[in-house]
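Colleague: Please pick one part of this model and take me through it closely, contact by contact. Some context from the rest of the chain would help too.

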Amino acid sequence: MHLARMINLLEIIAVAGRPVSVAEIQRAAGLPKPTCYRLVQGLVEQKLIDEPSGDGKYVIGERMIRIALLGKSDVDVRRCAAPLMRTAATNFNETVFLARFRNSKVEIIHIETPDDPARAFIHPGLGVRPMHACSCSKAIAAFAEPAFQNEILSGSLKEYTEHTKTTEADLRREFEEIVKRGFADCDQEIDIGIASVAAPVSVANIGATFSIGAVGPIRRFGTEYRMEIGEKLKVLSEKVSGAIQLCNVADI
């Protein structure tokens with residue numbers, strides 16, 4: 001019964017779509033005030049709901065969002081992000097990709113290509129990418145906890161091309177630069193003639209769980225263009241984060 005009541009309160013807060021007070025929750029749940037206050041306090045203690053503004057109004061919490069996100073399949077994430085990615089691919093006139101961090105690896109899980117039939121574009125393929133040599137991975141690794149960064153840097157740093165960074169010092173400097181500007185780039189580090197840019201996608205307060213990027217031939221993706229499109233990807237990453245969070249709350 002206790003668990004059922006807590007689940008009912010979570011559903012009420014999720015469906016509201018806005019911060020709600022304990023009085024509103026109590027009326028919707030039809031519970032005695034002391035019981036409702038006790039249940040709300042329990043949910044707060046477990047970080048299943050949060051009081052973001054300190055005004056006595058609650059929203060679905062970080063832990064609940066994390067649980068929903070971890071249980072969300074790639075199909076669900078693609079459904080949330082695809083419309084925004086499709087628009088971006090058209091506006092950028094470049095291939096746009098979404099990558100996901102899980103099990104200490106980064107995988108590209110979705111790709112949208114430009115509609116222009118006369119446009120030559122790069123299809124990066126799906127699957128795992130090296131943590132030290134791909135923009136989608138570095139965009140996540142740069143914002144990761146120091147312990148995980150150390151794990152990356154102490155592992156095998158394969159040299160894919162003459163442009164691949166394979167020393168800890170070089171990668172630490174690059175991670176610092178990525179954090180400063182808010183996005184990562186890859187200048188022919190995996191394949192000669194191909195470059196990419198990616199920005200981290202943070203969901204709630206659980207860190208960079210995804211990254212959103214663009215890829216193309218080096219003849220277009222020079223340094224200046226990568227910096228320009230990187231700024232646009234930072235804006236897109238915020239929109240994708242919002243879309244994923246909305247899907248999470250809707251599915252709770």
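Modeller: I'll start with the helix packing around H2, then step out to a few other spots and the whole chain.

A word on ground rules: this is a predicted model, in which local features need pLDDT of at least 70 and side-chain atom pairs pLDDT 80 or more, while totals for chains, interfaces and linings use all residues. Residues are numbered from 1 along each chain as its sequence is written, and side-chain values use heavy atoms, with hydrogens and water left out.

So, the part itself. Helix H1 covers residues 2-16, and its axis comes within 10 Å of the axis of H2, with a crossing at roughly 115°. (Helices are DSSP runs of H or I with at least four residues, strands are E runs of at least two, and both are numbered from the N terminus. Axes are lines fitted to C-alpha atoms, for helices over the stretch in contact, and angles between N-to-C directions run from 0 to 180 degrees.) That crossing is right-handed, meaning the near helix is turned clockwise from the far one by less than a right angle, where anticlockwise would make it left-handed.

On the H1 side the contact is made by Asn-8, Leu-9, Ile-12 and Ile-13, which meet Ile-25, Ala-28 and Ala-29 of H2; contact here means heavy atoms within 4.5 Å. Sorted by class, that gives six nonpolar residues, one polar and no charged. (Nonpolar takes in Ala, Val, Leu, Ile, Met, Phe, Trp, Tyr, Cys and Pro; charged is Asp, Glu, Lys and Arg; the others, Gly among them, are polar.)

Now turn to what H2 does with H3. H2 runs over residues 22-29 and H3 over 33-45, and their axes approach within 10 Å and cross at roughly 115°. This crossing, too, is right-handed. From H2, Val-22, Ile-25 and Gln-26 meet Lys-33, Cys-36, Tyr-37 and Val-40 of H3. Here the class count reads five nonpolar, one polar and one charged. Ile-25 turns up in the contact with H1 and again in the contact with H3.

Two residues at the edges of this region deserve a look. Ser-21 sits in strand E1, residues 20-21. It has a relative accessible area of 17%, so it counts as buried; the cut-offs are under 20% for buried, over 50% for exposed and partly exposed in between, using a 1.4 Å probe and protein chains only. Leaving aside residues up to four places away in sequence, Ser-21 touches Gly-56 and Lys-57.

Past H3, Lys-47 lies in the loop that leads to strand E2 (49-50). Its phi is near 60°, a positive value in a residue that isn't glycine. Lys-47 is exposed, because its relative accessibility is 51%. Gln-188 likewise has a positive phi near 60° without being glycine, but Gln-188 is in the loop between E7 (184-187) and E8 (194-202). At 12% relative accessible area, Gln-188 is buried.

Elsewhere in the chain, Ser-137 belongs to H6, residues 135-141, and is buried at 0%. Beyond four places in sequence, Ser-137 touches Val-106, Arg-129, Pro-130 and Met-131. Pro-124 is in the loop between E5 (105-112) and E6 (127-129) and is partly exposed at 25%. Its contacts, with that sequence filter again, are Thr-95, Phe-97, Ile-108, Ile-111, Arg-129 and Val-215. The C-alpha atoms of Pro-124 and Ile-111 are 8.2 Å apart, with their positions 13 residues apart along the chain.

As for rings, the whole structure holds two aromatic pairs. In one of them, Phe-221 and Tyr-225 have ring centres 5.0 Å apart and planes at 85°, so that pair is edge-to-face. (Rings of Phe, Tyr and Trp, the last by its six-membered ring, pair if their centres lie within 6.5 Å; planes under 30 degrees apart are stacked, over 60 edge-to-face and the rest tilted.) Phe-221 is buried at 0%, whereas Tyr-225 is partly exposed at 21%.

Zooming out, the chain has nine helices and nine strands. Its C-alpha trace spans about 70 × 45 × 30 Å along the principal axes, and 48% of the 252 residues are buried. Of the contacts with a separation of 6 or more, 59% join residues 24 or more positions apart.
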